[in-house]
Amino acid sequence: MSTETLPKLDEQTIATVKATVPVLAEHGEQITTRFYQMMFEAHPELKNVFNMTHQKEGKQPRALANAVYAAAQYIDDLSAIMPAVEKIAHKHRSMNIVPEQYPIVGKYLLLAIKDVLGDAATDDIINAWEKAYGVIAEAFIQVEANMYQETAEETGGWVGYRDFEVIDKVKESDVITSFYLKPVDEGVLPGYKPGQYLTIKAQMPNEEFDQLRQYSLSDAPGKGYYRISVKREEGTEQFPEGKVSNFLHKHVNEGDVIPVSAPAGDFFLDTASKKPLVLISGGVGLTPMMSMLQTIIKQQIDREVHFIHAARNGSVHALKHDMKMAGEEYPNIKTYIVYDTPTEEDMKEKIHAKEGYVDLAWLQSIVPQDSDFYFCGPEGFMKAIYGALKEWNVPMEQINYEFFGPQGDLEK
Ligand SMILES: Cc1cc2nc3c(=O)[nH]c(=O)nc-3n(C[C@H](O)[C@H](O)[C@H](O)COP(=O)(O)OP(=O)(O)OC[C@H]3O[C@@H](n4cnc5c(N)ncnc54)[C@H](O)[C@@H]3O)c2cc1C
Ligand code: HEM
């Protein structure tokens with residue numbers, strides 16, 4: 001999107017905002033924590049939209065604050081941060097964030113700044129930030145308006161939530177179960193790009209608020225259904241079990257209906273590229289990779305593919321059969337299983353190519369450097385893969401990844 005259509009700010013406002021970014025960033029977490037407290041108090045209905053577990057973990061407050069400060073730093077040239085805006089906008093679009101909600105966020109962000117900074121937040125500073133927030137919000141609103149329009153214009157596309165019926169529920173491993181979904185209205189099901197996700201709205205009987213969660217589509221498009229594969233997040237001594245994943249596993253069955261928003265996301269397979277393709281997944285990060293693999297089989301069967309999957313052991317390895325079949329049936333598809341703690345049965349079966357973890361030396365021994373790399377998995381796993389690819393000097397434009405939570409920083 002061009003930034004030409006955004007309102008222009010005067011020099012003084014720009015100078016004030018830029019000069020105060022470091023001050024706000026210093027109190028960043030305090031401000032955003034206060035911001036969410038005040039906003040949820042005044043607008044409890046927004047608890048239906050925000051992930052309340054992320055709130056407890058503090059991940060989401062940090063993500064939003066950092067995005068506002070990053071944008072403010074480039075307030076006189078927002079084109080520099082438009083790629084980041086686009087990325088966030090995909091998530092916003094999938095959760096049906098609407099323009100009317102932006103002033104609410106703006107109002108409580110400013111109130112929180114005042115609250116935390118006290119007298120240091122002069123009227124000049126607050127006025128400048130109000131104007132700056134207005135421009136940043138407008139950038140998001142315009143990008144998202146285009147996305148809503150594209151989604152609505154797609155054959156079978158929809159905006160908002162559409163009811164889907166669970167037509168099949170299949171256990172894929174001890175911890176992962178697939179849900180096959182079809183629209184209740186029996187209307188056209190739009191395609192999607194392999195790697196994209198759905199946002200589902202979980203309406204749980206014991207919860208006061210709806211909970212939205214993203215799940216990657218785990219099969220190729222064009223099959224007449226959507227499939228998601230969900231890992232049941234177990235609790236620990238410290239933390240309760242995952243809300244939505246356990247609800248889906250334990251209480252959502254064939255015949256049940258779930259509201260779903262249209263496929264979204266900017267992490268998807270570039271089917272125009274002819275470079276060798278390396279798909280690397282850890283744990284449930286397998287889901288978008290499976291969609292990509294199945295799409296290759298349907299659309300680009302001549303492409304060289306290396307499909308690497310790391311899991312604790314065979315008991316939690318989902319879609320093992322599909323992976324094995326792809327490797328056996330198509331000579332250009334090579335599959336590699338990596339278990340860090342194989343069971344006795346795994347040792348007998350010996351289907352894993354490596355015991356331990358994916359590392360650079362091993363990657364170098366099996367895949368060409370000039371490949372398109374896609375990866376997804378737990379944050380530690382992603383950092384290791386990213387670090388390995390950087391060390392190998394793989395160009396950034398050939399490195400693609402997805403976080404199964406708020407965007408983290410792979411450089412740290
Ligand atoms: C783009 C995208 C795609 C995704 N695709 C998939 C997919 O294909 N399959 C899949 O299974 N998941 C996927 N996810 C993750 C999914 O959206 C959910 O985050 C996941 O299912 C957990 O949700 P939950 O409600 O079960 O857990 P939550 O209730 O959100 O809890 C998450 C974790 O936090 C822990 N926790 C609870 N309270 C606290 C606390 N106070 N402090 C710290 N930790 C706490 C819980 O024990 C749990 O492990 C994806 C996410 C994204 C963003
Ligand atoms: C200019 C204003 C805004 C900025 C800079 C911003 C920024 C962000 C960022 C960085 C994320 C994390 C994306 C990710 O990595 O997953 C995010 C997610 C989100 N945003 Fe915004 N946002 C803004 C406005 C809004 C508004 C107006 C709403 C609705 C009231 C909203 C609702 C959400 C929700 C619900 C999430 C996902 C939360 C989660 O999963 O924990 N945002 N936003």
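Which helix gives the most to the shell around ligand 2? In this predicted model, that helix is helix 4, which contributes five residues.

**Ligand 2 and its iron**

The shell around ligand 2 holds 23 residues, and those that come nearest are H54, K91, H92, M95 and Q407. H92 belongs to helix 5. Through NE2, H92 is the single protein donor to the iron atom of ligand 2, at 2.1 Å. A polar side-chain atom of H92 also lies 2.9 Å from a nitrogen atom of ligand 2. Two further side chains make polar contacts to oxygen atoms of ligand 2: H54 at 2.7 Å and K91 at 2.3 Å. The elements that supply two or more residues to this shell are helix 4 (59-73), helix 5, helix 6 (102-117) and helix 7. By class, the shell comprises 16 nonpolar, six polar and one charged residues.

**Ligand 1**

Ligand 1 is surrounded by 26 residues, of which Q214, Y215, P240, S245 and T287 are the closest. Its polar contacts include one from the side chain of T53 to an oxygen atom of the ligand, at 2.9 Å. An N or O atom in the side chain of Y215 is 2.7 Å from an oxygen atom of ligand 1. At S229 the contact comes from the backbone: a polar atom there is 2.9 Å from a nitrogen atom of ligand 1.

The polar contacts described for the two ligands are collected below.

| Residue | Protein atom | Ligand atom | Distance |
|---|---|---|---|
| H54 | polar, side chain | oxygen, ligand 2 | 2.7 Å |
| K91 | polar, side chain | oxygen, ligand 2 | 2.3 Å |
| H92 | polar, side chain | nitrogen, ligand 2 | 2.9 Å |
| T53 | polar, side chain | oxygen, ligand 1 | 2.9 Å |
| Y215 | N or O, side chain | oxygen, ligand 1 | 2.7 Å |
| S229 | polar, backbone | nitrogen, ligand 1 | 2.9 Å |

**The second largest pocket**

The second largest pocket has a volume of about 410 Å³. It is lined by 21 residues, and R93, E150, T151, K193 and Q196 are the closest to its centre. Helix 5 (82-94) and helix 7 (123-153) each provide at least two lining residues. The largest share, five residues, comes from helix 7. Sorted by class, the lining has nine nonpolar, seven polar and five charged residues.

**The cavity**

One cavity of 30 Å³ or more is present in the structure. The largest cavity encloses about 50 Å³ of space. Its lining consists of I31, V68, Y69, G106, L109, L110, I113, W129 and Y133. Helix 4, helix 6 and helix 7 are the elements that give two or more residues to this lining. Helix 6 gives the most, with four residues. Eight of the lining residues are nonpolar and one is polar, while none is charged.

**Aromatic pairs**

Across the whole structure, 16 aromatic pairs are found. One of them joins F40 and F50: the ring centres are 5.7 Å apart and the planes stand at 75 degrees, so the pair is edge-to-face. F40 lies in helix 2 (residues 28-42), whereas F50 lies in the loop between helix 2 and helix 3 (52-57). The two residues are 10 residues apart, and the pair thereby links distant parts of the chain.

Definitions and conventions. Residues are numbered from 1 along each chain as its sequence is written. Chains are lettered from A and ligands numbered from 1 in the order in which they are written. This is a predicted model: local features need pLDDT of at least 70, side-chain atom pairs count only at pLDDT 80 or more; totals for chains, interfaces and linings use all residues. Side-chain values use heavy atoms; hydrogens and water are left out. On a 1 Å grid over the protein atoms alone, a cavity is a set of points where a 1.4 Å probe fits but cannot get out, and a pocket is an open set with protein on both sides within 12 Å along at least five of seven lines; lining residues have an atom within 4 Å of a point. Grid points are joined across faces, edges and corners, and a volume is the space filled by probe spheres set on the points. Ala, Val, Leu, Ile, Met, Phe, Trp, Tyr, Cys and Pro count as nonpolar, Asp, Glu, Lys and Arg as charged, and the others, Gly among them, as polar. Donors are N, O and S atoms within 2.8 Å of the metal (3.2 Å for Na, K and Ca); water is not among the atoms, so sites may look incomplete. A residue is near a molecule or strand if one of its heavy atoms lies within 4 Å of it. A polar contact is a pair of N or O atoms within 3.5 Å; within protein, one must be able to donate a hydrogen and the other to accept it, and residues adjacent in sequence count only if both atoms are side-chain atoms. Rings of Phe, Tyr and Trp (its six-membered ring) pair if their centres lie within 6.5 Å; planes under 30 degrees apart count as stacked, over 60 as edge-to-face and the rest as tilted.
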